[in-house]
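Work through the exercises below with the model open. Try each task before reading its solution.

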Amino acid sequence: MTVDTANHENASRDRIEQSILSAAEQVFAQYGYRGASLQAIADQAGLPKANILYYMGSKQALYVRLLNRMMRRWNAVLEDITPESDPGQVLSDFIRTKMVLGQRYPEGSKLFAAEILAGAPFLSDYLSGELKEWVASRAMIIRQWSIQGKMDNVDPRWLIFLIWSATQHYTEYSAQVNGILGSEALSEMDLESICQFLEQVILKGCGIQPPNISIS
């Protein structure tokens, strides 16, 4: 097999896997884990059911992969932070990225919420293992910012939980939000206003001056 052939096959596999993941996200969000079937996911993706099993292994493996992908999307902005990073910029980026991703991938956000509300039957190992270690590593850096005088001495875990929950509210409770606002969906102006509000409340609550930026 040549390098070009291998690259072509890898690209083809990636396209098929992304198609399966997108279809599964919609089906799981609509029917839940128990109500979703591999056949429904295959139909949504326009692929034979055998392809779903070949690329993903099982319904549970596909479901867990979707949930992990959602968490990686949300938390990517904190992956490369260091004690030298600007906490105002980092936390603002975190808030705004979570808001944008919630609007861009509402099915994934609601799917994750449903899993947690069910007691995390498929994510318990991930939550108490990989994610716990990730939060601990981010918390160490945030504590360094406090020691350096860049922000107040707040518990980093509660801060991360607060940003997760405050931003996810606008996706997972979108029916409530839109009903009260009298709109079908949040506008760009709404999103900017929400981000500015969350920055003011959260960053100032941490003794940080919010940066002067706009959502994109």
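**Exercise 1. The inner side of a helix**

Task: Which residues of helix 2 (residues 38–45) are buried, and on which side of helix 2 do they lie?

Solution. The model is predicted.
- Step 1: The buried residues of helix 2 are Leu38, Ile41, Ala42 and Ala45.
- Step 2: Around the axis they cover an arc of only 100°, so they lie on the same side of helix 2.
- Step 3: Recall the general rule. An α-helix has 3.6 residues a turn, so residues three or four places apart point the same way.
- Step 4: Look past the end of the helix. Gly46 follows helix 2 and has a positive phi, near 70°.

**Exercise 2. A positive phi outside glycine**

Task: Find where Ala120 is placed, and decide whether Ala120 is buried or exposed.

Solution.
- Step 1: Ala120 sits in the loop between helix 6 (106–117) and helix 7 (124–147).
- Step 2: Check the backbone. The phi of Ala120 is near 55°, which is positive although the residue is not glycine.
- Step 3: Check the accessibility. Ala120 has 6% relative accessibility and counts as buried. The cut-off for buried is under 20%.

**Exercise 3. Salt bridges**

Task: How many salt bridges does the structure hold? Then trace those made by Glu17.

Solution.
- Step 1: The count is 7 salt bridges.
- Step 2: Start with Arg13. Its side chain meets that of Glu17 in a salt bridge, at 2.9 Å from N to O.
- Step 3: Place this pair. Arg13 and Glu17 are 4 residues apart in helix 1 (residues 3–35), so about one helical turn separates them.
- Step 4: Compare exposure. Arg13 is partly exposed, with a relative accessible area of 32%. Glu17 is buried, at 8%.
- Step 5: Take the other partner. Glu17 also forms a salt bridge with Arg65, with the closest N and O atoms 3.0 Å apart.
- Step 6: Place this second pair. Glu17 lies in helix 1 and Arg65 in helix 4 (residues 59–75), so the salt bridge ties together parts 48 residues apart in sequence.
- Step 7: Check Arg65. This residue is partly exposed, with a relative accessible area of 30%.

**Exercise 4. A further pair, and a network**

Task: What is the N to O distance between Asp155 and Arg157? Then state which residues form one network through shared partners.

Solution.
- Step 1: The side chains of Asp155 and Arg157 meet in a salt bridge at 2.8 Å, N to O.
- Step 2: Asp155 is partly exposed, with a relative accessible area of 23%. Arg157 is partly exposed too, at 36%.
- Step 3: Now return to the shared partners. Salt bridges join Arg13, Glu17 and Arg65 into one network.

**Exercise 5. Cysteines**

Task: How many disulfides does a search of the whole structure find? Explain why Cys195 and Cys206 are not bonded.

Solution.
- Step 1: The search finds 0 disulfides.
- Step 2: From the sulfur of Cys195, the closest cysteine sulfur is in Cys206, 16 Å away, so the two are too far apart for a bond. The cut-off is 2.5 Å between the sulfur atoms.
- Step 3: Run the check from the other end. Cys206 is in no disulfide, and its nearest cysteine sulfur is that of Cys195.
- Step 4: Add the accessibility. Cys195 counts as buried at 0%. Cys206 counts as buried at 5%.

Notes:
Residues numbered from 1 in each chain as written. Predicted model: local features only at pLDDT ≥ 70, side-chain atom pairs only at ≥ 80, totals over all residues. Heavy atoms only, no water. Salt bridge = Lys/Arg side-chain N within 4 Å of Asp/Glu carboxyl O. Helix = DSSP H or I, 4+ residues; strand = E, 2+ residues; numbered from the N terminus. Buried < 20%, exposed > 50% of the residue type's maximum accessible area, 1.4 Å probe, protein only. Arc of directions from axis to C-beta.
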